[in-house]
Amino acid sequence: MSLLLRTTVRRPLLSRAMSGHAAHNPYLKDFKYKDTVSVLDNTLALSTSEHTMIDRFVRVNQAGETAAVTIYKGQLAVLGRDPELRDLLMHMRDQEVEHLRIMDGLVVDYKVRPTLLLPVAAVGGYLLGMTSAMLGVKSAMTCTEAVETRIGAHYNDQLRELHALKYEPLDALKRVIAKCRDEELEHLDTAVDHGARRAPLYKLQFEAIKAGCSVAIWLCDRI
């Protein structure tokens with residue numbers, strides 16, 4: 001299976017949303033976080049620009065996963081009284097917590113300088129999640145769809161660049177990013193299944209949030 005492509009499959013049931021696309025991806029078979037630890041010792045053949053590229057990837061990904069965790073925390077603060085909805089949001093939040101744990105580890109492994117905007121990502125994510133939830137369940141799902149659409153494309157861009165290097169010691173890093181990408185796109189499917197595209201002013205909300213994500217990625221890449 002290519003790392004760069006993923007066929008979108010709609011998942012109307014929570015149980016299917018929780019099944020995990022990664023389990024069906026042979027590239028992620030037997031994935032363990034410890035696989036990434038040995039990567040540092042095997043990147044000496046990379047050029048300065050290639051090291052800089054990986055530094056940028058990890059820095060932005062850590063900020064993105066920080067925001068993702070707090071988006072779901074903000075939504076749970078408003079919508080958490082509904083048991084079924086709470087379980088769904090907690091499931092997606094818990095996956096984002098795991099993504100963040102992985103990215104925090106990569107920051108240490110690759111000696112990456114975190115973005116100075118990390119606190120802004122955390123607060124901004126919470127406010128976005130809470131505000132979208134206050135507009136209703138469908139708007140909260142629109143928020144998730146927009147964020148995951150942009151983040152899924154962002155991870156795919158990273159995988160293309162890493163794949164172009166054709167450097168085997170980076171395969172572990174590719175597995176990490178592929179795992180996160182697949183689960184983000186599962187969240188997108190789940191949001192659509194739960195009414196994201198039936199929200200009031202759907203197109204306006206979707207495009208505004210997606211554009212905001214693009215700006216955040218650009219800023220965290222550089223600051």
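## Helix crossings, cysteines and loops in a predicted model

The crossing of helix 2 and helix 7 is right-handed. This is a predicted model, so the values below are all computed from its coordinates.

**Helix packing**

Let us stay with that first pair for a moment. Helix 2 covers residues 48-79, and its axis lies 9 Å from that of helix 7, at an angle of about 130°. An angle over 145° would count as roughly antiparallel; helix 2 and helix 7 are therefore oblique to each other.

How do helix 5 and helix 6 pack? Their axes are 8 Å apart and meet at an angle of about 155°, which makes helix 5 roughly antiparallel to helix 6. Helix 5 spans residues 137-165 and helix 6 spans residues 171-193. Here the crossing is left-handed. Sorted by class, the residues in the contact of helix 5 with helix 6 are 13 nonpolar, seven polar and five charged.

**An aromatic pair in helix 7**

Helix 7, residues 202-222, holds both Y202 and F206. A search of the whole structure finds one aromatic pair, and the partners are these two: the ring centres of Y202 and F206 are 5.7 Å apart, and the planes stand at 35°, so the pair is tilted. Because Y202 and F206 are four residues apart in the helix, about one helical turn separates them. Are these two residues buried or exposed? Both Y202 and F206 are buried.

**Two cysteines without a bond**

How many disulfides does a search of the whole structure find? It finds zero. For C143, the nearest cysteine sulfur is that of C213, 7.5 Å away. A disulfide needs the two sulfur atoms within 2.5 Å, so C143 is in no disulfide. The same distance of 7.5 Å applies from the side of C213, whose nearest cysteine sulfur is that of C143. C143 is buried, with a relative accessible area of 0%, and C213 counts as buried too, at 13% relative accessibility.

**Contacts across the sequence**

A68 sits in helix 2. Its relative accessibility is 8%, so A68 counts as buried. Along the chain, A68 and V147 are 79 residues apart, yet their C-alpha atoms are separated by 8.4 Å.

L170 offers another example, this time from the loop between helix 5 and helix 6. With I54 it forms a pair 116 residues apart in sequence and 9.9 Å apart in space, C-alpha to C-alpha. Is L170 buried or exposed? At 0% relative accessibility, L170 counts as buried.

**Positive phi in two loops**

Most residues other than glycine have a negative phi. Against that background, K166 and L201 are worth a look: phi of K166 is near 50°, a positive value, and phi of L201 is near 50° as well. K166 shares its loop, between helix 5 and helix 6, with the buried L170. K166 itself has a relative accessible area of 67%, so this residue is exposed. L201 belongs to the loop between helix 6 and helix 7, and its relative accessible area of 64% makes it exposed.

The table gathers the accessibility of residues named above.

| Residue | Relative accessible area | Class |
|---|---|---|
| C143 | 0% | buried |
| C213 | 13% | buried |
| A68 | 8% | buried |
| L170 | 0% | buried |
| K166 | 67% | exposed |
| L201 | 64% | exposed |

Terms used
Residues are numbered from 1 along each chain as its sequence is written. This is a predicted model: local features need pLDDT of at least 70, side-chain atom pairs count only at pLDDT 80 or more; totals for chains, interfaces and linings use all residues. Side-chain values use heavy atoms; hydrogens and water are left out. Buried means under 20% relative accessible area, exposed over 50%, partly exposed in between (1.4 Å probe, protein chains only). Axes are lines fitted to C-alpha atoms, for helices over the stretch in contact, and angles run from 0 to 180 degrees between N-to-C directions. Helices (H or I, at least four residues) and strands (E, at least two) are DSSP runs, numbered from the N terminus. Angles under 35 degrees count as roughly parallel, over 145 as roughly antiparallel, 65 to 115 as roughly perpendicular and the rest as oblique. A crossing is left-handed if the near helix is turned anticlockwise from the far one by less than a right angle, and right-handed if clockwise. Ala, Val, Leu, Ile, Met, Phe, Trp, Tyr, Cys and Pro count as nonpolar, Asp, Glu, Lys and Arg as charged, and the others, Gly among them, as polar. Rings of Phe, Tyr and Trp (its six-membered ring) pair if their centres lie within 6.5 Å; planes under 30 degrees apart count as stacked, over 60 as edge-to-face and the rest as tilted.
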